[in-house]
Amino acid sequence: MADSSSRFYGPSCSGTSIFETFRLSKAQFISQGQDNDPVIDIECKGSSVTALTCTTVQNLSLDLQPAGDVIHSSDVGNPDFTSVRYSHANPSVVYYGASDGTVRVWDTRRAGTCASLETPSIITGNNSAALSLQCISISCDDALICAGTFNNDDNPISANEEFSDSKAFVHFWDVRTSKYMGSYSECHSDDITAVEFHPTNNSLLATGSVDGLVNIFDVNQSEEEDALVGTLNAESSVSRVGWYGNEMSSLYVVTHTHDVQLWDSNELEMIKSYTLFTELNYLQSEFMLDCFYQQETQSLFGCYGNYNGDIDIVDVGKKDVRHIVNIPTSNDKHFAAHSVCRSSSLSHLYVGCESSLVRLYAPSLSDTEKGAGLGRKRKIKNPDSRTLDEVVSGFRVQVKKTKK
């Protein structure tokens, strides 16, 4: 078990968290069209980053250089995009959910989509427009993909009598055959906002909903009633869920009221709950974005933001939270955050923002590293001293040129 110093701080940082050295490294617009949609989901895998707005899916390199084709909603029949995930085994394969009830499969090495996973008409009936996939997740063995639904019409989704009372579904497909495997339709009573397979156990799935419940399923069971392992009551609409901790046996739950709750998934008991506007009211943040877990130090980090674009990073412990750093921006509306992800080594932090903007934060070089002879000497303006306009000016000019 890591001691308290290594829990909060990296071993090479001499008591300083890696996040304390993070500075704005680059900002990139992913869409140059008329729309200024926010980046609602962003994922990092290997050497790639995929950012998603409701109208665009863009693959990028780790330093935010465009990599390969851009998928536009107009290319695939005008559905809105909702969420994105990578294949675990093949970082060139990207899955993204859509508002037409399909999961699209994109091989970034080839143009366009490779396949479309569809929901059977026996469930959607003539009301398929009401069935939007809000969130998706891939099992750790890449065998199953699941998706949670959002009810656009606030009516029963299905015209089929068997599902007529259902307002929320968790759908399953076999990744290898693209075959629809079935759905859960009884354990949630409202929109499903989060689905997350266990990172090492391919049969465990956690789902969260606007109904305030987080359900844990064993998907090896054929019947939904038998599959339900346990239910956690967050008592507030759930925004995100994730697995963390020793043997990944704990769950964090983020609510739409900006609480973060820690749960023991075996005992089905809450460990701790932190509220932004009470326990964390010293932060400059106005909303909770997400959490991410670092296995090496067994640390769970919370990421918060405000409408000026500032980011707060905290270490979320079982007994208390510790503020790590506030990362300020230039007080620009482009920087208001909507989504966040980090590289597996925590060396890069990616934030999806307003106006189709993605920003990259990375550790700034220390004086020792700058003088260590790494590469040839170059005259580079210190990123810390650049204004937002200087960081994104080149991209903004490109955007202006493409507007009609």
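Two strands are said to pair if DSSP finds at least two bridges between them, and this notion of pairing runs through the briefing below. The model described here is predicted. Its features are taken up in three groups, beginning with a run of strands early in the chain, continuing with a sheet of four strands, and ending with the nonpolar cores.

**Strands β2, β3 and β4**

- Strand β2, which covers residues 41-45, pairs with β3 in the antiparallel sense, and five bridges join the two; in one of the matched positions, Asp 41 has Leu 52 of β3 as its bridge partner.
- The connection between β2 and β3 is a hairpin with two residues between the strands, and Gly 46, which lies in the turn, has a positive phi of about 60 degrees.
- On the other hand, β3 also pairs with strand β4, residues 56-61, again in the antiparallel sense and over five bridges, with Ser 48 standing opposite Ser 61 in β4.
- A hairpin is formed by β3 and β4 as well, this one with three residues between them.
- Strand β3 itself, residues 48-52, is mostly covered, since five of its five residues are buried.
- In a regular strand the side chains alternate between the two faces of the sheet.
- In β3 both faces are covered, with Ser 48, Thr 50 and Leu 52 buried on one side and Val 49 and Ala 51 buried on the other.

**The sheet from β22 to β25**

- Four strands make up an open sheet in the order β22-β23-β24-β25, and their pairing is antiparallel.
- The edges of this sheet are β22, residues 287-294, and β25, residues 321-327, each of which pairs on one side only.
- Neighbouring strands of the sheet are turned against each other by 25 degrees on average, with direction ignored.
- Between β22 and strand β23, residues 299-305, the antiparallel pairing extends over seven bridges, and Phe 301 in β23 is the bridge partner of Phe 292.

**Nonpolar cores**

- In soluble globular proteins, nonpolar side chains tend to be buried together.
- The largest nonpolar core of this model has 30 residues, and Leu 251, Leu 300 and Tyr 304 are those with the most contacts inside it.
- Two or more residues of this core come from each of β16 (213-218), β18 (238-244), β19 (250-255), β20 (259-264), β22, β23 and β24 (311-316).
- A second core, separate from the largest one, has 24 residues, among them Ala 27, Ile 311, Ile 324 and Leu 357.

How values were computed
Residues are numbered from 1 along each chain as its sequence is written. This is a predicted model: local features need pLDDT of at least 70, side-chain atom pairs count only at pLDDT 80 or more; totals for chains, interfaces and linings use all residues. Side-chain values use heavy atoms; hydrogens and water are left out. Axes are lines fitted to C-alpha atoms, for helices over the stretch in contact, and angles run from 0 to 180 degrees between N-to-C directions. Buried means under 20% relative accessible area, exposed over 50%, partly exposed in between (1.4 Å probe, protein chains only). A nonpolar core is a set of buried Ala, Val, Leu, Ile, Met, Phe, Trp, Tyr and Cys residues joined through side-chain atoms within 4.5 Å.
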